[in-house]
Amino acid sequence: MNEGFSLTIPAIAALKTWCPSDEDLFVSLVHQILLEKGTSAHAAQTFASLPPSLLQGWLHHLNGWGTMQQATMIKQRLAVVASASQASLPLTYEGNRVQNRLIDVAITESPEHQQEGMRPFIWRGAASAYWHGTLAVTGTALAQVPIIIGAGAAGLLLTHALRRCGFTQVRILEKEELLGGVWRTDALRDATRANPFPVALHQQTLGAAPGRGEEVLTFLHALARPFPPAHQGTCYGIIPGDLNHRIYYRDRQGEQEMVVPIVINAIGVGEPLHPHRPGKMHTDVTPEQAGRRWQHTLTETEVRRWHGKELVFVGLSNATFAMLSQIQRWNRQGAHIGYRVLTHYPDVSLANPTQRVEHHGTTYHFYRSIERTHLLRVAGDLAEVDQAFREARDGGHILSHVTAWQRGHQTIQATCEDGSQQEITCDELYTLIGYGPQASLLEEMGLHVNNHYLGAVDMDYDGEAHRPDATSPYGRERVSPGYFCFGIRNSFNPNEVLLNGLLFRLPQLVASIVLRAAEVTARQQGGRV
């Protein structure tokens with residue numbers, strides 16, 4: 001028996017105070033994972049009958065750092081993490097989002113996470129590369145046809161990984177004619193990308209930022225080059241079942257429906273968030289009145305048009321800094337474009353952008369933290385972003401402590417935390433506060449939305465969708481078997497909407513899709529599907 005592998009006891013087993021015996025380690029681990037997901041006995045037998053070498057490869061290399069993370073690190077760190085987050089220590093694993101988040105943090109903060117047998121390039125919610133190995137899948141399981149909704153970064157990464165496993169019939173349903181999702185748009189293709197770590201998937205690589213967005217598109221197209229064409233159609237509804245999901249979509253022939261055992265929802269970043277952001281900055285401004293919602297490249301024509309004018313930006317986001325760096329560059333070349341930025345961040349946070357600071361009982365951390373891998377914040381570790389921020393801050397262009405704003409005729413009225421109000425000239429408005437899928441669409445797709453503003457959904461550690469009306473916290477009653485999410489916000493891994501975060505989740509997702517494919521095959525052979 002491989003001694004290093006014998007140390008890899010499932011986190012789930014530890015949380016259930018259950019550990020397999022050394023004698024039946026491989027079979028016990030397989031049954032533990034399948035039992036936790038409520039998988040059928042037929043599928044369990046399929047995997048239990050695999051040679052130990054294949055079992056070791058599957059458990060260790062693909063699911064070994066999530067479901068199968070070392071129990072010792074969970075035992076050592078989970079109580080500390082739970083205490084710091086004011087959450088109770090879960091004595092029994094129930095699969096809820098609080099426990100999943102605690103497990104993620106415990107894995108990150110354990111000093112053992114870079115030991116031999118663990119992936120040294122994993123951080124919390126981010127990874128630089130997908131494990132180089134390929135899962136051995138039986139031919140009968142490969143006959144299943146996973147359906148992926150969306151051909152953005154998430155959909156293309158997953159399609160590539162599944163095809164490497166042998167799922168050559170995997171299909172993509174994409175609403176646009178071309179692949180690449182949001183990276184195909186001018187807003188991101190011509191912008192500066194911000195991935196803090198290198199990205200690698202098998203033979204394709206993408207260096208760490210800085211770099212241009214078009215390099216991401218090139219990376220994705222290289223992954224997609226062997227794919228058959230995606231089916232162009234717009235998915236507008238999914239009714240989850242038990243390995244029996246109904247997908248409703250529209251294509252050139254009209255309304256369509258298909259029933260599939262395995263579906264992966266990878267619809268992408270969605271649309272600009274509503275201007276009224278609860279808990280941040282309030283407004284009555286509608287999305288139609290919010291001005292420009294995406295960053296873009298400033299052309300010479302636009303620069304001449306805005307010479308001597310005032311631009312107002314709502315939100316201190318990476319998209320905002322992509323615009324500010326261009327304005328500042330043009331101004332150094334002789335243009336005169338005025339600008340103001342409205343933000344809810346307090347002065348103390350802007351003065352210390354790399355630090356965690358307290359203000360009126362709220363913790364702020366303006367720049368993202370590479371060490372703690374909170375990657376959704378401002379990419380101040382990039383020189384271009386840091387320079388744009390400091391020039392705007394030190395030049396008095398940022399209005400902080402804003403709690404509300406309204407749009408008038410060529411003006412913006414801002415209300416600050418102390419009740420004071422300012423009227424700002426506005427010749428062009430940009431509201432750049434982030435993006436997310438519409439909650440109503442997610443619900444039509446059968447997902448349980450836990451944050452309607454951001455479009456975040458409930459899912460399991462491997463991306464399998466949680467059932468909205470679950471009556472039991474265990475196994476099959478907790479999830480919608482065979483219905484997965486990828487690249488959609490969730491509460492325990494906010495980085496999943498980013499390239500590095502997608503790679504972090506990819507091994508768990510692939511392993512569980514293979515599990516469900518084997519289960520479908522076993523059930524079909526047993527005559528129960």
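In this predicted model, Ile-238 has Ile-247 of strand β9 as its bridge partner. The pair belongs to the contact between strand β8, residues 234–239, and β9, which run antiparallel and share five bridges. Five residues separate the two strands in a hairpin, and within that turn Leu-243 has a positive phi of about 55 degrees.

On its other pairing, β9 meets strand β10, residues 254–260, through seven bridges, again in the antiparallel sense. One position in this pairing is Tyr-249, which stands opposite Gln-256 of β10. A hairpin of two residues makes the connection from β9 to β10.

What are the covered and uncovered faces of β9? Strand β9 spans residues 245–251, and its covered face consists of His-245, Ile-247, Tyr-249 and Asp-251. The uncovered face holds Arg-246, Tyr-248 and Arg-250. In a regular strand, side chains alternate between the two faces of the sheet. Both Ile-247, the partner of Ile-238, and Tyr-249, which faces Gln-256, therefore appear in the list for the covered face, following the alternation along β9.

**Parallel sheet**

Elsewhere, four strands make up an open sheet with parallel pairing, in the order β17-β14-β13-β21. Its edges are β17, residues 398–399, and β21, residues 428–431, each of which pairs on one side only. Strands β13, residues 310–314, and β14, residues 338–342, run parallel and are joined by five bridges. Within this pairing, Glu-310 stands opposite Gly-338 of β14.

**Backbone features in loops**

The loop between β6 (204–206) and α11 (213–224) contains Pro-210. The peptide bond leading from Ala-209 to Pro-210 is cis, and its omega is near 10 degrees.

Two further loops each hold a residue other than glycine with a positive phi, as listed below.

| Residue | Phi | Loop | Relative accessibility |
|---|---|---|---|
| His-360 | near 55 degrees | between β15 (357–359) and β16 (362–364) | 64% |
| Gln-410 | about 55 degrees | between β18 (402–407) and β19 (411–416) | 47% |

Is His-360 buried or exposed? His-360 counts as exposed because its relative accessibility is 64%, and the exposed class begins over 50%. Gln-410 is classed as partly exposed because its relative accessible area is 47%, which lies between the limits of 20% and 50%.

**Nonpolar cores**

The largest nonpolar core comprises 45 residues, and Leu-158, Leu-506 and Val-510 have the most contacts inside it. Two or more residues come from each of α8 (139–142), α9 (153–165), β5 (199–201), α11 and α17 (499–525). Of these elements, α17 gives the most, with ten residues. In soluble globular proteins, nonpolar side chains tend to be buried together.

Which residues does Leu-506 touch? Leaving aside residues up to four places away in sequence, Leu-506 is in contact with Tyr-130, Leu-157, Leu-158, Ala-161, Leu-201 and Phe-486. Leu-158 is thus named both as a contact of Leu-506 and among the residues with the most contacts in the core.

A second core, separate from this one, has 33 residues, including Ala-209, Val-303, Leu-350 and Phe-389. Ala-209 of this second core is also the residue that precedes Pro-210 across the cis peptide bond.

Conventions: Residues are numbered from 1 along each chain as its sequence is written. This is a predicted model: local features need pLDDT of at least 70, side-chain atom pairs count only at pLDDT 80 or more; totals for chains, interfaces and linings use all residues. Side-chain values use heavy atoms; hydrogens and water are left out. Buried means under 20% relative accessible area, exposed over 50%, partly exposed in between (1.4 Å probe, protein chains only). Two strands pair if DSSP finds at least two bridges between them. A nonpolar core is a set of buried Ala, Val, Leu, Ile, Met, Phe, Trp, Tyr and Cys residues joined through side-chain atoms within 4.5 Å. Contact means heavy atoms within 4.5 Å.
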